[in-house]
Amino acid sequence: MGDLERELRDLSAWLDIPDPPDVTARVRVRLSRPARRWRSIVAAALVALIVVAVVPPTRAAIADVVTGLLRFAGVSIATAPAPTPAGGTASPLPGQRAVALDEAQRAVRFPIRLPAKLGPPERVLVADPDATGRYRVATLLYDGGALRVDAFDGHLDLAFHKEVSPPGANWVQVNGDFAVWVDGPHVLSYVDRAGGIRRETARLAASTLIWQDNEVSYRLEGDLTKAEAIEIARSLR
């Protein structure tokens, strides 16, 4: 043993050396942080994958994977229990009135296109005027009102709210663009300009195709198959 080592050993008796800290818990916490961050990243990636799988690559669609709500082309679609017919008669849309087709075209801010497969409508409605008298929605009625096409400006916020029972809505295509097909009866309500759902307008709607063309959103509703609805949508002129 050298002189230096002997001197250091002798000095150690005079030093007050505290007990070594227990670093086990601290190390475990630090080791767990990357794991938690990794799990968060993986969870976020899985959510992103779900959204990509459910929502098509279009700016017109927004999905909330937490609430199961889909917003597409001015229509919100929520999963709900199987619908039952509401009692009484649903209220009309705000300010709704019947007009001639040419008057309807002057009353809205978007072009009203007719489905060639259906021809001229039997009746035309406009609804929800703004302060300038321009209407938000134009509706073309066929077959005594059992078949209808609702058209509204795609730049606007939500205009209709659907509550569908599982399996709910599914994606289809109209002229190469994404569309939504709701197969079977479902509850339909109007969403006003302030974003409120007008429950008094709720009614049991038939199968519906929803799509957008040239910034105009459309709802085709009636006793139709998916193929029939898509052919009618493709025939807009």
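Good morning. The chain before you exposes about 14000 Å², and carbon and sulfur atoms supply 57% of that area. Please keep in mind that this is a predicted model.

I shall begin with the chain as a whole. It contains four helices and 14 strands. Of its 237 residues, 38% count as buried. If we take the contacts with a separation of 6 or more, residues 24 or more positions apart account for 57% of them.

Let us turn to helix α4, which spans residues 226–234. Which of its residues are buried? They are Ala-229, Ile-230, Ile-232 and Ala-233. These four cover an arc of only 160 degrees around the axis, and therefore they lie on the same side of α4. What covers them? The cover includes the strands β9 (169–174), β10 (177–182), β13 (208–213) and β14 (216–221).

Strand β13 appears again in my next topic, the cavity, where β13 gives the most to the lining, with three residues. Rolling a probe the size of a water molecule over the atoms shows where empty space is left. In this model the count comes to one cavity of 30 Å³ or more, and the largest cavity has a volume of about 30 Å³. Its lining consists of Val-174, Asn-175, Asp-177, Trp-211, Gln-212 and Asp-213. Sorted by class, the lining has two nonpolar, two polar and two charged residues.

I now come to the loops, and to the backbone angle phi. Most residues other than glycine have a negative phi. Where, then, does a residue that is not a glycine have a positive phi? One of them is Asp-143, with a phi of about 50 degrees. Asp-143 lies in the loop between β6 (135–142) and β7 (147–153). Its relative accessibility is 57%, so Asp-143 counts as exposed, the cut-off being over 50%.

Glu-215 is not a glycine either, and has a positive phi of about 65 degrees. This residue sits in the loop between β13 and β14, two of the strands that help to cover the buried residues of α4. Is Glu-215 buried or exposed? At 28% relative accessibility, Glu-215 counts as partly exposed.

My last residue is Pro-92, in the loop between β3 (75–79) and β4 (97–99). Pro-92 is exposed, with a relative accessible area of 54%. Along the chain, Pro-92 and Thr-201 are 109 residues apart, while their C-alpha atoms are separated by 6.1 Å.

Thank you for your attention.

How values were computed
Residues are numbered from 1 along each chain as its sequence is written. This is a predicted model: local features need pLDDT of at least 70, side-chain atom pairs count only at pLDDT 80 or more; totals for chains, interfaces and linings use all residues. Side-chain values use heavy atoms; hydrogens and water are left out. Buried means under 20% relative accessible area, exposed over 50%, partly exposed in between (1.4 Å probe, protein chains only). Contact means heavy atoms within 4.5 Å. Accessible areas come from the Shrake-Rupley method with a 1.4 Å probe; for residues, only the protein chains shown count as cover. The arc is that of the directions from the helix axis to the C-beta atoms. On a 1 Å grid over the protein atoms alone, a cavity is a set of points where a 1.4 Å probe fits but cannot get out, and a pocket is an open set with protein on both sides within 12 Å along at least five of seven lines; lining residues have an atom within 4 Å of a point. Grid points are joined across faces, edges and corners, and a volume is the space filled by probe spheres set on the points. Ala, Val, Leu, Ile, Met, Phe, Trp, Tyr, Cys and Pro count as nonpolar, Asp, Glu, Lys and Arg as charged, and the others, Gly among them, as polar.
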